[in-house]
Amino acid sequence: ENVDVCLVEGAIANQDNLELIHLVRQNTKTVVSFGDCAVTANVPAMRNMLGTAEPVLKRAYLELGDNTPQLPEEPGIVPELLDQVLPVHQVIPIDIFMPGCPPDADRIRETLIPILKGELPVMAGREMIKFG
């Protein structure tokens with residue numbers, strides 16, 4: 001563990017996200033799921049209703065493609081979409097959940113100060129756990 005605290009924002013939507021989040025967990029003492037997208041997958045997960053990544057890609061790149069409709073396939077450059085967008089805790093263990101879209105400055109401060117003192121923050125009450 002080379003890192004004391006890492007705030008992870010955003011959902012896990014593609015292969016790069018998946019690989020990176022595993023590295024974060026391996027190398028971090030305290031991982032904070034930061035914001036509604038990391039905590040619940042929120043808006044990015046709306047594509048989950050379509051079942052897989054295929055209909056999303058077809059709609060965005062083939063049906064709505066302007067001049068040269070084609071799927072983005074360039075290994076090593078364009079990360080492959082996962083079939084489902086996942087909140088971070090479904091991929092790795094999370095130490096602290098900090099919802100908010102985005103979390104406000106007071107919530108961030110009240111979460112980080114205890115962590116930096118080696119303590120766990122109290123994530124309770126509207127001011128600390130309200131979504132949105």
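**Close-up views of a predicted chain**

**View 1. The fold in outline.** Welcome to the chain, which contains 5 helices and 5 strands. Please keep in mind that this is a predicted model. Reading from the N terminus, you meet the elements in the order β-β-α-β-α-α-β-β-α-α. Measured out along the principal axes, a box of roughly 55 × 30 × 25 Å holds the C-alpha atoms of the chain.

**View 2. Inside the chain.** Of the 132 residues in the chain, 32% are buried. Now look at the contacts between residues at least 6 apart in sequence: 73% of these link residues at least 24 apart.

**View 3. The surface and its charges.** About 8,300 Å² of the chain is exposed, and 55% of this area comes from carbon and sulfur atoms. The chain carries 10 positive and 19 negative charges. If you take the mean position of each set, the two points lie 8 Å apart.

**View 4. A nonpolar patch.** Here you can find Val43, Met46 and Met49, which together make a nonpolar surface patch of about 360 Å². To locate Val43, follow the chain to the loop between helix 2 (36-40) and helix 3 (53-63).

**View 5. Val43 on its own.** Is Val43, a member of the patch with Met46 and Met49, buried or exposed? Val43 has a relative accessibility of 53%, so it counts as exposed, the cut-off for exposed being over 50%.

How values were computed:
Residues numbered from 1 in each chain as written. Predicted model: local features only at pLDDT ≥ 70, side-chain atom pairs only at ≥ 80, totals over all residues. Heavy atoms only, no water. Helix = DSSP H or I, 4+ residues; strand = E, 2+ residues; numbered from the N terminus. Buried < 20%, exposed > 50% of the residue type's maximum accessible area, 1.4 Å probe, protein only. Contact = heavy atoms within 4.5 Å. Areas by Shrake-Rupley, 256 points an atom, 1.4 Å probe, with all protein chains shown as cover. Lys, Arg positive; Asp, Glu negative; His and termini not counted. Charge placed at Lys NZ, Arg CZ, Asp CG, Glu CD. Patch = residues over 30% accessible without salt bridge, like charges linked within 9 Å, V, L, I, M, F, W, Y side chains within 5 Å. Salt bridge = Lys/Arg side-chain N within 4 Å of Asp/Glu carboxyl O.
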